[in-house]
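Please open the model in a viewer and keep the selection tool at hand. The tour moves from the whole chain to single residues.

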Amino acid sequence: MLAEAHLIPMAPAGDVLQMANAIRVLSMDAVEAANSGHPGMPMGMADAATILWGEFLKFDAADPHWPDRDRFVLSAGHGSMLLYSLLHLSGYAKPTIDDIKRFRQLGSPCAGHPERHELAGVETTTGPLGQGLATAVGMAIAERHLNAHFGDGLVDHHTWVIAGDGCLMEGVSHEAIGLAGHLKLGRLNVLWDDNGISIDGPVALSASDDVPARFRAAGWHVVTCDGHAPAAIRTALAEARDSELPSLIAVKTVIGFGAPTKAGTAKTHGSPLGAAEVTGAKAAMGWTALPFEIPADIAAAWKAVGARGRAEHIAWTTRLAAHPEAAEFERRMAGRLPEDFSLADLRTRMAADATPVATRKASEIALDSINALLPETVGGSADLTGSNLTKGSVLSPLSAADYAGRYVYFGIREFGMAAAMNGLALHGGIIPYGGTFLVFADYCRAAIRLSALQEQGVVYVMTHDSIGLGEDGPTHQPIEHLASLRAIPNLAVYRPADALETAECWELALRDRSRPSILALSRQNLPLLRTDASENLSASGGYRLVSAAARRQAILVATGSEVSLAVATARLLEADGIGADVVSMPCWERFAEQTSAARAALLPSDVLKISIEAASTFGWERIVGHDGLMLGIDSFGASAPAEDLYRHFGLVPDAVATSIKTRLGVSS
Ligand SMILES: Cc1ncc(C[n+]2csc(CCOP(=O)(O)OP(=O)(O)O)c2C)c(N)n1
Ligand SMILES: [Mg+2]
């Protein structure tokens, strides 16, 4: 039963060179038609890709979602025509030849760079260099982890990556290969398009790294081959596949291979070759078909490639049907929570304990419930486990010695962690969460953006969410982070006010399987503000926590640690006869999704609204209006005990009450 992928018939039905030329021709034609795009990389890597897909990759073009397929990641996303050609030629339902003719045009699934939601078979959206590779590390972790649970019969595949010079120059590649080497992800194989060219010209203009030595130093197996010699490519890929270490295959190629005058130069990187060059290239190949036409014998050979894995797929389906955990496997891979999933008990417990607790600690308590209820969670932290409190008591480490573990020590690799979490989620079968300090969300930002763009329910646990962290000072105190994260589309940013809201926000984040969530959590203890846990009030994004007793003249809107400050301020105002509501607003995005009537009922236009958040006030005018009062911190923080900082920045009840009374024209 083991390693049946190796038994797939290997002999290519067609002529490798002509099959590769089909990729070259489609890529040239599509880029000419669009008058935009990147022909060089697909032309250079066509031979290696043909052998990879034709002889190694385990897949069935008829079912792009087959859970045990090999994952193929085009990290060098600018070479998107390589992937579109492979998908089309091998018989995926999409892209059609008409889609390819409309490469880069509005409405075509053949977007400029490969987008996961456009085409089945695009495993991850790529384009930001380096991230495809780092995402693939997460996919490879997912494969080993699920294999450890469900066994070789259900989970036994490889992850293949094509990365360019750019991917390997990007810093995130260092984090990714370090983690992969450490975890001995032998199922991960990276083909490096070693063409010595990037946009500005020769790579030698800017880099002289010994790339193979760098990978070896990170614990990888390295093999090299001539990227235009089929036998050498075949040998190299077989060696990589069989290695117990992750493998780099340095594929020495000529960018734009086949272009008569421009091959080997940066001119082929990102512009149409031009009619004369295309004609010359086709003539040299002996290619006489019209643009976008593939001769029948070559098309047939490619279709056979797409069907190569069918028998293995059918055998797998039979094994799944007989597997004792078939239903559980299917549930997890579909990303469905268990039908009876609920955190109602946890919420009730949280509401029953009035001991002040930091929301990061409440999150840890929540995680013990969550991790016991959901076997699909895989947690981790970028070396801040004891601060983020992400581990809890249920999970054991996921390591090279035990892939069944559910806690990843990601090391000080925030970006690599975030990208790997995307890979864990994209692979399927896993709900990833990972922690760092909120201030270092910036280090993860490019991957958070791709979580959101790819609609992946990754959960980011970001603690130490304000000046409330105290003495570590302004380098560690987030100021603009909440505002800048709220600016990312399809990302829910939660800042719970107490233990109960923390449980509520966790529940919402877990139910939201098609958008990522950020949980911004406090270092410092916070009082419990609500005792009725019957309804998840955070679900509406904002709700009235306290209603004015005296005639309402102010509505205080706060998040996280400042909600208790707002409650204390409201008490002072009421003592002076000024009625004040307090609104807790743990999630702007959810609030924005409420009806305008619901929003207006909470925040009517004829009452002064005051925002209180120990962070940049940027954007709060959306909530409190331009005539509202925004209390926050529009400078960097400072190094001092938290209480001193809150007073220094005027975020204490008496100072806030004074500001409000001044605005209302009431003398203190
Ligand atoms: C993070 C990031 N920075 C910059 C770019 C713009 N860009 C796209 S391709 C490229 C050069 C990549 O060189 P290489 O990987 O060697 O690709 P080749 O020219 O060999 O196709 C650059 C700078 C990008 N896509 N992503
Ligand atoms: Mg290059």
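The stops below begin with the overall fold and then turn to a metal site, buried residues and backbone features.

**Before selecting anything**

This is a predicted model, in which local features need pLDDT of at least 70, side-chain atom pairs count only at pLDDT 80 or more, and totals for chains, interfaces and linings use all residues. Residues are numbered from 1 along each chain as its sequence is written, chains are lettered from A and ligands numbered from 1 in the order in which they are written, and side-chain values use heavy atoms, with hydrogens and water left out.

**The whole chain**

Display the protein chain as a cartoon: 26 helices and 20 strands appear. Here helices (H or I, at least four residues) and strands (E, at least two) are DSSP runs, numbered from the N terminus. Along the principal axes, the C-alpha atoms fill a box of roughly 90 × 55 × 45 Å. The radius of gyration is 28 Å, which agrees with the value near 26 Å for a compact globule of 668 residues; this radius is taken over C-alpha atoms, and the globule rule is 2.2 Å times the number of residues to the power 0.38.

Of the 668 residues, 61% count as buried. Buried means under 20% relative accessible area, exposed over 50%, and partly exposed in between (1.4 Å probe, protein chains only). Among contacts (heavy atoms within 4.5 Å) between residues at least 6 apart in sequence, 78% join residues at least 24 apart.

**The magnesium ion**

Select ligand 2, the magnesium ion. Which protein donors does the magnesium ion have? They are Asp165 (OD), Asn195 (OD1) and Ile197 (O), lying 2.0 to 2.2 Å from the ion. Donors are N, O and S atoms within 2.8 Å of the metal (3.2 Å for Na, K and Ca); water is not among the atoms, so sites may look incomplete. Along the chain, the donors follow the spacing D-x29-N-x1-I. Asparagine 195 and isoleucine 197 are both buried.

**Leucine 87 and the cis peptide bond**

Next, select leucine 87 in helix α3 (residues 80-89). Leucine 87 counts as buried because its relative accessibility is 0%. Beyond its neighbours within four places in sequence, its contacts include Trp53, Leu119, Lys94 and Pro95. Move on to the last two of these: the peptide bond from lysine 94 to proline 95 is cis, with omega near 5°. Proline 95 belongs to the loop between α3 and α4 (97-101).

**Strand β17 and the loop after it**

Select alanine 554 in strand β17. Its relative accessible area is 0%, so alanine 554 is buried. Leaving aside neighbours within four places in sequence, alanine 554 touches Gly579, Ala580, Asp581, Val607, Leu608, Ile610 and Ile660.

Then select threonine 559, in the loop between β17 (552-558) and α21 (562-575). Threonine 559 is likewise buried, because its relative accessible area is 0%. Outside its neighbours within four places, threonine 559 is in contact with Arg486, Arg495, Met585, Ile612, Glu613 and Trp620.

**Two positive phi angles**

Finally, select phenylalanine 292, located in the loop between α10 (275-285) and α11 (296-307). Phi of phenylalanine 292 is near 65°, a positive value in a residue other than glycine. Is phenylalanine 292 buried or exposed? With a relative accessible area of 14%, phenylalanine 292 is buried.

The last stop is aspartate 383, in the loop between β9 (377-381) and α16 (385-388). Although aspartate 383 is not a glycine, its phi is positive, at about 70°.
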